[in-house]
Amino acid sequence: MRSRSGLRVFDGPKKNSLRTTPHLQAGNALSYKTLTDCRVVRRTCGKNGTEMDEIIEDFLKESEEGLEAVKAEMAELETNPGDTARLTKVCRCVHTIKGTCGFLGYDKLETVTKVGEELLVRLRDGKAHLNPESRAALGELFVAVRGILGHIRTSQQEGSGDYTM
């Protein structure tokens, strides 16, 4: 939906979106333009950022649950590395974290997950193979994601870690 000023605005919860509870319903429309700066969103969402805190907490909880599921999928991929259904599940989890990071303005985590998603897509599509090097890269990805999520949980900041290789 577009506002009179031409900005896209959130017009209610979408199916399968990040737990769209009342704090993201139509009465609290947010412009996508302001969503690139988490501080602006915090001011937009309500007094003292309480509603934004709830969004971030939901994001952290769902990301951590997703990463636990990924751990199980990765263990199963050890015995069947070509299982595209399992690779798709892992890719979907990383994609969800990446997309939500863009919404919340966590650029570092978004970049890390984007690189991981690109590897997972190549693995899923058969353009790369799950071998010791790609397993190690995915292991580092999940360590980095958990580390950044830990920083976000304690400070709502991504931390100063360097995840470039």
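At the start of helix 3 in this predicted model, a side-chain oxygen of D83 comes to within 3.1 Å of the backbone nitrogen of A85. D83 also takes part in a salt bridge with R86, in which the closest N and O atoms are 3.3 Å apart. The side chain of D83 is thus described by two interactions, one with the backbone nitrogen of A85 and one with the side chain of R86. R86 itself is partly exposed, because its relative accessible area of 23% falls between the limits of 20% and 50% set for that class.

The salt bridge between D83 and R86 belongs to a wider arrangement, a network of salt bridges that links E73, E76, D83, R86 and K89. Of these residues, E73 is placed in helix 2, which comprises residues 50–79. E73 has a relative accessibility of 12% and therefore counts as buried, the cut-off being under 20%. When neighbours within four places in sequence are set aside, the contacts of E73 are with R86, K89 and V90. R86 and K89 are thus both contacts of E73 and members of the salt-bridge network. V90, the remaining contact named for E73, is one of the buried residues of helix 3.

Helix 3 covers residues 84–104. At 1.5 Å a residue, a span of 30 Å is expected for its 21 residues, and the separation of its end C-alpha atoms, 30 Å, agrees with this value. The expected figure is 30 Å because the rise is multiplied by one less than the number of residues. The buried residues of helix 3 are L87, V90, C91, C93, V94, I97, K98, T100, C101 and L104. Among them, C91 has a relative accessible area of 4%, and the corresponding value for C101 is 0%. Just after helix 3, G105 adopts a positive phi of about 85 degrees.

Cysteine pairing was examined across the whole structure, and zero disulfides were found. C91 is accordingly in no disulfide, the nearest cysteine sulfur being that of C93 at 9.8 Å. This separation does not qualify because a disulfide requires sulfur atoms within 2.5 Å. Both C91 and C93 are buried residues of helix 3.

A search of the whole structure for salt bridges returned eleven. One of these joins the side chains of K98 and E117, with an N to O distance of 2.6 Å. K98 lies in helix 3 and E117 in helix 4, so this pair ties together parts of the chain that are 19 residues apart in sequence. Both partners, K98 and E117, are buried. A further salt bridge is formed between D125 and R124, whose closest N and O atoms are 3.1 Å apart. In contrast to the buried pair of K98 and E117, D125 is partly exposed at a relative accessible area of 42%, and R124 is likewise partly exposed at 28%.

The search for aromatic pairs in the whole structure yielded one. This pair consists of F59 and Y106, which are stacked with a centre-to-centre distance of 6.4 Å and an angle of 20 degrees between the planes. The pair counts as stacked because its planes are under 30 degrees apart. F59 is located in helix 2, whereas Y106 occupies the loop between helix 3 and helix 4, and the pair thereby links distant parts of the chain, 47 residues apart. Both F59 and Y106 are buried.

A positive phi is also found at Q156, where the angle is near 60 degrees in a residue other than glycine. Q156 is situated in the segment after helix 5, which spans residues 132–155. With a relative accessible area of 23%, Q156 is partly exposed.

With regard to the overall organisation, the secondary structure of the protein comprises five helices and zero strands, and the order of elements from the N terminus is α-α-α-α-α. Of its 165 residues, 35% count as buried. Among contacts between residues at least 6 apart in sequence, 55% join residues at least 24 apart. The stacked pair of F59 and Y106, at 47 residues apart, provides one link between distant parts of the chain.

Definitions and conventions
Residues are numbered from 1 along each chain as its sequence is written. This is a predicted model: local features need pLDDT of at least 70, side-chain atom pairs count only at pLDDT 80 or more; totals for chains, interfaces and linings use all residues. Side-chain values use heavy atoms; hydrogens and water are left out. Rings of Phe, Tyr and Trp (its six-membered ring) pair if their centres lie within 6.5 Å; planes under 30 degrees apart count as stacked, over 60 as edge-to-face and the rest as tilted. Helices (H or I, at least four residues) and strands (E, at least two) are DSSP runs, numbered from the N terminus. Buried means under 20% relative accessible area, exposed over 50%, partly exposed in between (1.4 Å probe, protein chains only). Contact means heavy atoms within 4.5 Å. A polar contact is a pair of N or O atoms within 3.5 Å; within protein, one must be able to donate a hydrogen and the other to accept it, and residues adjacent in sequence count only if both atoms are side-chain atoms. A salt bridge is a side-chain nitrogen of Lys or Arg within 4 Å of a carboxyl oxygen of Asp or Glu.
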